[in-house]
Amino acid sequence: MTKILFISLFLTGSLFANELSLAKIVKLSNKGEKIVKTLCDSKKLPSAQGTIEQLMEKIKTSGACPPLSKSKLEAVAYYVSNGSMKLAGKHIDVPTKAKCPVCGMFVSKYPKWAARIKHDDKNYYFDGVKDMMKYYIFDGDFPYDRGHISEITVSDYYTLEEISAKDATYVLDSDVFGPMGRELIPFKSKKSAKAFMDDHNGKAMVKFDEITDKMVMALDGL
């Protein structure tokens, strides 16, 4: 009985050890940024596409950094995935176990990219605007009554502030990748979007109602 209890506590401890709060992820990402600037060649780092675990392996084999401890490698992976992070205003509070209904990834690990649709009082979370728009546009793949959507929100890229998806300005197909690759990156202000587009080779700035199915699929090379 004691042995069973010990195993149960060990597994429970392991589970909670993998559940990170938003504040912890921001702290890890900022730590990773310092490590990259001090020890690594940022030009050799992989793109942000993939899970944190996949990124850790890619960073290890990229030769961008000297051998790093597991904790430092994890911090660099969070930085590669989320970039520089700061909290301003209300952010999207993603449950730890929430999975993107399009790709199945855990959304809470990627707060910079979090998006949300509220439908019939239930929240659906996404690890990027691209996947959110697939869920919103492609009714053949995701059949539900769009008329029952009460809220659609996204995260401002610079501040993580939760903003209305229909009020945001999106930069299309820049050289900054999200967990699912090429993205539509949201900004609260058109000025911020324009500055980002100029710095990161964005193809265009669009509003929510201008996003088309062809635009979304082209981000996946289709």
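Two strands are taken to pair if DSSP finds at least two bridges between them. With that in mind, the hairpin of S3 and S4 in this predicted model makes a convenient starting point. Six residues lie between the strands of this hairpin, and among them Leu160 adopts a positive phi near 65°. The two strands, S3 (149–155) and S4 (162–164), run antiparallel to each other and are joined by three bridges. Within this pairing, Val154 faces Ile163 in S4. Strand S3 also has S1 as a partner, again in the antiparallel sense, here over five bridges. Lys118 has Glu151 in S3 as its bridge partner. Strand S3 is mostly covered, with five of its seven residues buried.

A further set of strands, S5, S6 and S7, can be followed in the same way. These three strands make an open sheet in the order S6-S5-S7, with antiparallel pairing. Strands S6 (184–187) and S7 (204–207) form the edges, each pairing on one side only. From one strand to the next, the twist averages 35°. Strand S5, which covers residues 169–172, is joined to S7 by four bridges in the antiparallel sense. Here Tyr170 is found opposite Val206 in S7.

Val171 is a useful residue from which to look around strand S5. Its relative accessibility is 0%, so Val171 counts as buried. Beyond its neighbours within four places in sequence, Val171 is in contact with Glu183, Leu184, Ile185, Phe187, Ala193, Phe196, Met197, Gly202, Ala204 and Met205. Asp220, which is 49 residues from Val171 along the chain, has its C-alpha atom 16 Å from that of Val171.

How much of helix H5 is buried, and what covers it? Seven of the nine residues of H5 (residues 129–137) are buried, so the helix is largely enclosed by the rest of the structure. The buried residues are Val129, Lys130, Asp131, Met132, Met133, Lys134 and Tyr135. Their cover includes strands S1 (115–119), S2 (122–126), S3, S5 and S6, together with helix H7 (213–218).

Aromatic side chains form another thread through the model, with a count of twelve aromatic pairs. One of these joins Tyr158 and Phe196 in an edge-to-face arrangement, with 6.3 Å from centre to centre and 70° between the planes. This pair links distant parts of the chain, 38 residues apart: Tyr158 belongs to the loop between S3 and S4, while Phe196 belongs to helix H6 (residues 190–199). The two partners can also be described by their accessibility. Tyr158 counts as partly exposed because its relative accessibility is 31%, whereas Phe196 counts as buried because its value is 0%. Both rings belong to one aromatic cluster, which is formed by Trp113, Tyr157, Tyr158, Phe187 and Phe196. Phe187 and Phe196 also appear among the contacts of Val171.

Charged side chains meet aromatic rings as well. The charged end of Lys112 is placed over the ring of Tyr157, 4.2 Å from the ring centre. Likewise, Arg146 lies over the face of Tyr144, with a distance of 3.7 Å to the ring centre.

The cysteines complete the description. A disulfide is a covalent bond between the sulfur atoms of two cysteines. The structure holds one disulfide, formed by Cys40 and Cys65 with their sulfur atoms 2.1 Å apart. The torsion about this S-S bond is about 115°, so the disulfide is right-handed. Its two ends come from distant parts of the chain, 25 residues apart: Cys40 is in the loop between helix H2 (22–39) and helix H3 (52–62), and Cys65 is in the loop between H3 and helix H4 (70–82). Both Cys40 and Cys65 are buried.

Why is there no bond between Cys100 and Cys103? The sulfur of Cys100 has its closest cysteine sulfur in Cys103, but the separation of 3.8 Å is too far for a bond, because a disulfide requires sulfur atoms within 2.5 Å. Cys100 is buried, with a relative accessible area of 2%, whereas Cys103 counts as partly exposed at 28% relative accessibility.

Key: Residues are numbered from 1 along each chain as its sequence is written. This is a predicted model: local features need pLDDT of at least 70, side-chain atom pairs count only at pLDDT 80 or more; totals for chains, interfaces and linings use all residues. Side-chain values use heavy atoms; hydrogens and water are left out. Axes are lines fitted to C-alpha atoms, for helices over the stretch in contact, and angles run from 0 to 180 degrees between N-to-C directions. Rings of Phe, Tyr and Trp (its six-membered ring) pair if their centres lie within 6.5 Å; planes under 30 degrees apart count as stacked, over 60 as edge-to-face and the rest as tilted. Buried means under 20% relative accessible area, exposed over 50%, partly exposed in between (1.4 Å probe, protein chains only). A charge sits over a ring if NZ of Lys or CZ of Arg is within 6 Å of the ring centre and within 35 degrees of the ring normal. Contact means heavy atoms within 4.5 Å.
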